[in-house]
Amino acid sequence: MELSYMELREQICDVCHKMWQLGWVAANDGNVSVKLEDGTFLATPTGMSKSFITPEKLVHIDKDANILEAAEGCRPSSEIKMHLRCYAEREDVGAVLHAHPPVATGYAVANKALDEYSMIETVIALGSIPVTPYGTPSTYEVPDSIAPYLGEHDAVLLQNHGALTVGADVITAYYRMETLELFAKISLNAHLLGGAQEISRENIDRLISMREGYKVTGRHPGYKKYPEGC
């Protein structure tokens, strides 16, 4: 069911509140944006806890981050550059989430990719999750560092920073962040137990083929860590 403009604003706020409740963001961390039908965007304002976001505080901007509509004192995050690069690189992207889920961000600061094909749901939904090169927040270093990965990945870890997910809509992007953080927790537990048991390539093929039946949208990296013939 298509949401009205106000319902979409409320949905974005609901996602922001969930991110805060789950401990994925603290203080003013994180940001969310959604692409509208006319090619403009709604984005969370800078300098505000996601627990305090309300519909009227969201900022309406154009593709160059110019403010079209905003409450007094509200402006987009300086990290909107990263969001806008996602939309520029991928026409299918309708929403972008950036957060610091603790376990996934632990992998990001350790510079360890989540590239194991070991959890069925993650194989179907995301595939491998890379760590993108370091970029200074608020600069064009971050969008430039993630751009090469956006063609094949719907979720990435930002080195020494956090995580980024994209989706056709804000709920899909949110679900991908949930899946990413759960996979990071399970991978860490598996490591403590001696290491994950990876799924065979034959079974990975079967799982990837199930994406269409599950109506999974987006991109899948395939076999990033598997040489041909494995």
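This passage describes the sheet, the helices packed against it, and the empty spaces of a predicted model.

The sheet is considered before the other elements. Strands of a sheet pair through backbone hydrogen bonds, in either the parallel or the antiparallel sense. In this model, 8 strands form an open sheet whose order is β4-β3-β2-β1-β5-β8-β7-β6, and the pairing within the sheet is mixed. Because β4 (67-69) and β6 stand at the edges and have a single partner strand each, one side of each is left without a neighbour in the sheet. The edge strand β6 pairs with β7 in the parallel sense over 2 bridges, and the bridge partner of Thr-132 in β7 is Leu-158. Helix α2 packs on the sheet, where it touches β1, β2 (41-43), β3 (59-61), β5, β7 and β8, and its direction makes about 35 degrees with that of β1.

Strand β5 (residues 95-99) has a partner on either side in the strand order, with β1 before it and β8 after it. The pairing of β1 with β5 is antiparallel and is made by 4 bridges; in β5, Ala-95 is the bridge partner of Val-34. Strands β5 and β8 also run antiparallel and are joined by 5 bridges, and in β8 the bridge partner of Ala-99 is Ala-163. In a regular strand the side chains alternate between the two faces of the sheet. Both faces of β5 are covered, with Ala-95, Leu-97 and Ala-99 buried on one side and Val-96 and His-98 buried on the other, and in total 5 of the 5 residues of this strand are buried.

Two further helices complete this part of the description. Helix α6 (residues 170-192) lies across β1, β5, β7 and β8, and runs at about 140 degrees to β8. In helix α5 (residues 141-150), the buried residues are Val-142, Pro-143, Ser-145, Ile-146, Ala-147 and Leu-150. An α-helix has 3.6 residues a turn, so residues three or four places apart point the same way. The elements that cover the buried residues of α5 include α2, β6 (131-132), β7 (155-158) and β8 (162-167).

The empty spaces were examined next. Rolling a probe the size of a water molecule over the atoms shows where empty space is left. A search of the whole structure finds 2 cavities of 30 Å³ or more, and the largest cavity holds about 40 Å³ of space. Its lining consists of Thr-132, Pro-133, Tyr-134, Gly-135, Val-142, Ser-145, Leu-158, Gln-159 and His-161, which by class are 4 nonpolar, 5 polar and no charged residues. Thr-132 and Leu-158, the bridge partners described above, thus both appear in this lining.

The second largest cavity has a volume of about 30 Å³ and is lined by Asn-31, Val-32, Ser-33, Ala-43, Thr-44, Ser-77, Ile-80 and His-83. Two or more residues of this lining come from each of β1 (31-35) and α2 (80-89), and β1 gives the most, with 3 residues. The lining of the second largest cavity divides into 3 nonpolar, 5 polar and no charged residues.

The largest pocket contains about 360 Å³ of space. Of the 17 residues that line the largest pocket, Leu-8, Val-34, Lys-35, Leu-36 and Glu-37 lie nearest its centre. Helix α1 (5-21) and strand β1 each supply at least two residues of this lining, and α1 gives the most, with 3 residues. By class, the lining of the largest pocket has 8 nonpolar, 3 polar and 6 charged residues.

Notes
Residues are numbered from 1 along each chain as its sequence is written. This is a predicted model: local features need pLDDT of at least 70, side-chain atom pairs count only at pLDDT 80 or more; totals for chains, interfaces and linings use all residues. Side-chain values use heavy atoms; hydrogens and water are left out. On a 1 Å grid over the protein atoms alone, a cavity is a set of points where a 1.4 Å probe fits but cannot get out, and a pocket is an open set with protein on both sides within 12 Å along at least five of seven lines; lining residues have an atom within 4 Å of a point. Grid points are joined across faces, edges and corners, and a volume is the space filled by probe spheres set on the points. Ala, Val, Leu, Ile, Met, Phe, Trp, Tyr, Cys and Pro count as nonpolar, Asp, Glu, Lys and Arg as charged, and the others, Gly among them, as polar. Buried means under 20% relative accessible area, exposed over 50%, partly exposed in between (1.4 Å probe, protein chains only). Contact means heavy atoms within 4.5 Å. Two strands pair if DSSP finds at least two bridges between them. Axes are lines fitted to C-alpha atoms, for helices over the stretch in contact, and angles run from 0 to 180 degrees between N-to-C directions.
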